[in-house]
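This note is meant for a colleague opening the structure for the first time. The points below may be read alongside the display.

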Amino acid sequence: MSKVKYYYDSDTQSYRKIERRKGRRIGIVLLSILGSFLSGFLLLVIYLNIPQIVTPKEKALKRELQNMELQYGLLNKKMNQVQNVLANIEDRDNNIYRVYFEANPIPEEQRRAGFGGINRYKDLEGFDNSKLIIETSKRMDILTKQLVVQSKSLDEIAELAKEKESLLASVPAIQPVKNEDLSRIASGYGWRTDPFTKVRKFHHGMDFSAPRGTPVYATGDGRVERADNRATGYGNHIRVDHGYGYTSLYAHLYKYNVRVGQRVQRGDIIGYVGSTGRSQGPHLHYEIFKDDNRINPINFYYGNLSPEEFDKVLEKAQQENQSLD
């Protein structure tokens, strides 16, 4: 309850009660509000014009943020370089390596698949640099996916290369008797006159005439399948299983230099020229099988003959003469 106030009236020489006017009270209230507003406005102007005080912690956080933005920028530049290099590797992988080794190229959609569906980057949203961080993370994930696919492809190529290397080493690719040891190429693959019956007969191999005891070489890597004289007409003979469907046969040998089950490499001496079995003189009868079918050995001397030497061998082998077995 407000106190009642009085004033001294000199005319009446008595105390009179002070009566407050309603309009004056409203004016005082309005004046107070206006004063508060003006004070707040002045304080705001002063605050905006005075440099803000930054704490050491805020300064450190600001520097850390600037450094992060710089690092993300550098990371994106490095990813550009990596992507260019990877694109070159992918191109060579599809158009050179996989073509050479007869493998299907990897489709582009397979190299970049696996990033649809759910939002993987929801936790990175809502920050000042969310766009930069999300885009960088997305690029990194795509790049990682490409590297995984390419790594698996190169692993596959490496396995194919090993198989190719093994195939090239295994396929019969040299003459079983060296040129300097040959007396002559007595007979080739095809129709020839039988030396005993004088009847025209198909000759399934090539005859290399050479002195008795001349070394006979394995024409490709493989495993000795047979080394005996139990096959009709062949006398002492060796069969080498080269794998990949190839088998080579060396007949009429004087003696063996290998045993059954032994692994041999191209160029190893496996036996010596003789005249055992159905033979008219010292020579090596040589055959090649592919998937159990006899094929012409003349096509398998690319490993140690020059083009000129091959032409001479081809010419002699095509002559329809009398075989030695």
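**Notes on strand pairing, core, pocket and selected residues**

1. Arg239 stands opposite Leu249 in β10. The model is a predicted one, and the pairing just named belongs to β9 and β10, which run antiparallel and are joined by 5 bridges. In the hairpin that these two strands form, 2 residues lie between the strands. Tyr244 takes a positive phi there, near 55 degrees.

2. β10 also pairs with β14, again in the antiparallel sense, over 6 bridges. In this pairing Leu249 stands opposite Glu287 in β14. Leu249 may thus serve as a reference point for the reader, having Arg239 opposite it and Glu287 of β14 opposite it as well.

3. Is β10 enclosed or open? Of its 6 residues, 6 are buried, so the strand is largely enclosed by the rest of the structure. In a regular strand the side chains alternate between the two faces of the sheet. In β10 both faces are covered: Tyr246, Ser248 and Tyr250 are buried on one side, and Thr247, Leu249 and Ala251 are buried on the other.

4. The largest nonpolar core holds 28 residues. Those that touch the most other members are Phe208, Ile238, Tyr250, Ile270, Leu284 and Tyr301. At least two core residues are supplied by each of β6 (206-209), β8 (222-228), β9 (237-243), β10 (246-251), β13 (269-273) and β14 (283-290). The largest share, 3 residues, comes from β14. Apart from this core lies another, of 5 residues, among them Ala231, Leu249, Ala251 and Phe289.

5. Which residues does Leu284 touch? Beyond the residues up to four places away in sequence, its contacts are Pro176, Val177, Met206, Asp207, Phe208, Val216, Tyr250, Ala251, Leu253 and Val273.

6. Val216 is placed in strand β7, residues 215-217. With a relative accessibility of 0%, Val216 counts as buried. Neighbours within four places in sequence aside, Val216 is in contact with Pro176, Tyr250, Leu253, Asp268, Ile269, Ile270, Gly271, Tyr272, Val273 and Leu284. Gly271 lies 55 residues from Val216 along the chain, yet their C-alpha atoms are separated by 5.2 Å.

7. The second largest pocket contains about 320 Å³ of space. Its lining comprises 17 residues, and those closest to the centre are Lys201, Tyr234, Arg278, His285 and Asp325. By class, the lining has 2 nonpolar, 8 polar and 7 charged residues. β4 (190-193), β5 (200-203) and β14 each supply at least two residues of this lining, and β5 gives the most, with 3 residues. The reader should note that β14 appears both in this lining and in the largest nonpolar core.

8. A last point concerns a helix. Ile157 is found in α4, which covers residues 130-170. Is Ile157 buried or exposed? Its relative accessible area is 8%, under the 20% limit, and Ile157 is therefore buried. Leaving out residues up to four places away in sequence, Ile157 touches Asp93, Tyr97, Arg98 and Phe101. Phe101 is 56 residues from Ile157 in sequence, while the two are 7.4 Å apart in space, C-alpha to C-alpha.

How values were computed. Residues are numbered from 1 along each chain as its sequence is written. This is a predicted model: local features need pLDDT of at least 70, side-chain atom pairs count only at pLDDT 80 or more; totals for chains, interfaces and linings use all residues. Side-chain values use heavy atoms; hydrogens and water are left out. A nonpolar core is a set of buried Ala, Val, Leu, Ile, Met, Phe, Trp, Tyr and Cys residues joined through side-chain atoms within 4.5 Å. Buried means under 20% relative accessible area, exposed over 50%, partly exposed in between (1.4 Å probe, protein chains only). Helices (H or I, at least four residues) and strands (E, at least two) are DSSP runs, numbered from the N terminus. Contact means heavy atoms within 4.5 Å. On a 1 Å grid over the protein atoms alone, a cavity is a set of points where a 1.4 Å probe fits but cannot get out, and a pocket is an open set with protein on both sides within 12 Å along at least five of seven lines; lining residues have an atom within 4 Å of a point. Grid points are joined across faces, edges and corners, and a volume is the space filled by probe spheres set on the points. Ala, Val, Leu, Ile, Met, Phe, Trp, Tyr, Cys and Pro count as nonpolar, Asp, Glu, Lys and Arg as charged, and the others, Gly among them, as polar. Two strands pair if DSSP finds at least two bridges between them.
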